[in-house]
Amino acid sequence: DNVEWSEEQEASARSRVQENSSQLLPQDKQEEYEVNAKRYWDDFYKIHENGFFKDRHWLFTEFPELAPNRNPSQNGDSVHEFSNKEECNNEGLGSCENGHCSLETGAENQLNLMKSTPKVCIEEMATQQCSELNQSRGDYPGSSASYRILEVGCGAGNTVFPILQTNNDPGLFVYCCDFSTTAVDLVQNNAEYDSSRCFAFVHDLCNDQSPFPMPDESLDIVILIFVLSAILPEKMQCIVNRLSRLLKPGGMILLRDYGRYDLAQLRFKKGQCLSDNFYVRGDGTRVYFFTQDELDDLFTTAGLEKIQNLVDRRLQVNRGKQMTMYRVWIQCKYRKP
């Protein structure tokens, strides 16, 4: 934990990034990746379903706000355990598939998929109709809840289901959305999906005309875990502004994402760079690598105040492959005054 980098190591990482970003993709190719972004993420979840990332039980150590009444003795993973167990299900510690190196941690059990759960407002148009109808009546999913959480970029549910399992607050309601229809299908078809406590919906963050199913100033927590980095950098501020409007006064955005010079950034080859610190993976999905100042600018410009903004530098060792890996993540908490 909290590994100090030498000047030589930082210089080497900087040199590696200069090299792999020296050749940018042509503008027409970049536009193609933006236009087809939804298809690339749909394909990702069609291939991997819920088998790529593990459930994020470390969330409650890093973000106790997600289960405020939790007994500390329930913490399955201490901070030190967390640092050594960040991994992808199908690749193992120290491996990345197609450039996906978030290496997230969690329980070993695979989620049991059931295909019988009815879908609620799954398509964008249906979501819009439900949202407009229900909000006009003051009746929307979770309207009677006393503590509301939204996870943006929910994927197959590796954050949502641990929250529902861990937080027993009867007033809790969890919203979760994803760009990918396939991902939301996986969440809704999961055996643990409970429509009385959770509402999963398809949402395009980049489309500011796409409504949320809940009104402004209704959320206590918004979660962004390895999500903002997947978005075109010039669209990030608009997205953070939109999300901040959903927060109640005192509500918080919780973020964990890739930091500058993370292993995943250094592993990119020349010809995969779209713009400064923004890359395309082999499967067409994209990723950005942040500095603390960049994230601070995004959140404070949206009117939020800093509670936490830290760099988490980890040294991970794969003894079997005799590999050492330096991971760099940034973790933030920003509150609405």
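This report covers the salt bridges and one pocket of a predicted model.

**Salt bridges**

Side chains of opposite charge can pair when their charged atoms come close. In this model the count comes to eleven salt bridges. Three of them are set out below.

| Pair | Closest N to O distance |
|---|---|
| Arg-286 and Glu-34 | 2.8 Å |
| Lys-333 and Glu-65 | 3.0 Å |
| Arg-314 and Asp-312 | 2.6 Å |

Take the pair of Arg-286 and Glu-34, whose side chains meet at 2.8 Å. Arg-286 belongs to strand 8, residues 286-288, and Glu-34 to helix 2, residues 27-35, so this salt bridge ties together parts that are 252 residues apart in sequence. How far is each partner buried or exposed? Arg-286 has a relative accessible area of 5% and is buried. Glu-34 stands at 21%, so this residue counts as partly exposed. The cut-off for buried is under 20%.

The pair does not stand alone. Glu-34, Lys-235 and Arg-286 are linked in a network of salt bridges.

Next comes Lys-333, which forms a salt bridge with Glu-65. Lys-333 lies in strand 10. Glu-65 sits in the loop between helix 4 (59-62) and helix 5 (79-84). The pair therefore ties together parts that are 268 residues apart in sequence. Lys-333 is buried, at 8% relative accessible area. Glu-65 is buried too, at 18%.

In the last pair of the table, the side chains of Arg-314 and Asp-312 meet. Both of these residues are buried.

**The second largest pocket**

Rolling a probe the size of a water molecule over the atoms shows where empty space is left. The second largest pocket holds about 250 Å³ of space.

Which residues line the second largest pocket? From the start of the chain come Trp-5, Gln-9, Ser-12, Ala-13 and Arg-16. Leu-263, Leu-266 and Arg-267 join them. Met-323, Thr-324, Met-325 and Tyr-326 complete the lining.

Three elements give two or more residues to this lining: helix 1 (7-20), helix 10 (263-266) and strand 10 (323-335). Strand 10 has already appeared, as the element that holds Lys-333.

What classes of residue make up the lining of the second largest pocket? Seven are nonpolar, three are polar and two are charged. Arg-16 and Arg-267 are the charged residues. Gln-9, Ser-12 and Thr-324 are the polar ones.

Notes: Residues are numbered from 1 along each chain as its sequence is written. This is a predicted model: local features need pLDDT of at least 70, side-chain atom pairs count only at pLDDT 80 or more; totals for chains, interfaces and linings use all residues. Side-chain values use heavy atoms; hydrogens and water are left out. On a 1 Å grid over the protein atoms alone, a cavity is a set of points where a 1.4 Å probe fits but cannot get out, and a pocket is an open set with protein on both sides within 12 Å along at least five of seven lines; lining residues have an atom within 4 Å of a point. Grid points are joined across faces, edges and corners, and a volume is the space filled by probe spheres set on the points. Helices (H or I, at least four residues) and strands (E, at least two) are DSSP runs, numbered from the N terminus. A salt bridge is a side-chain nitrogen of Lys or Arg within 4 Å of a carboxyl oxygen of Asp or Glu. Buried means under 20% relative accessible area, exposed over 50%, partly exposed in between (1.4 Å probe, protein chains only).
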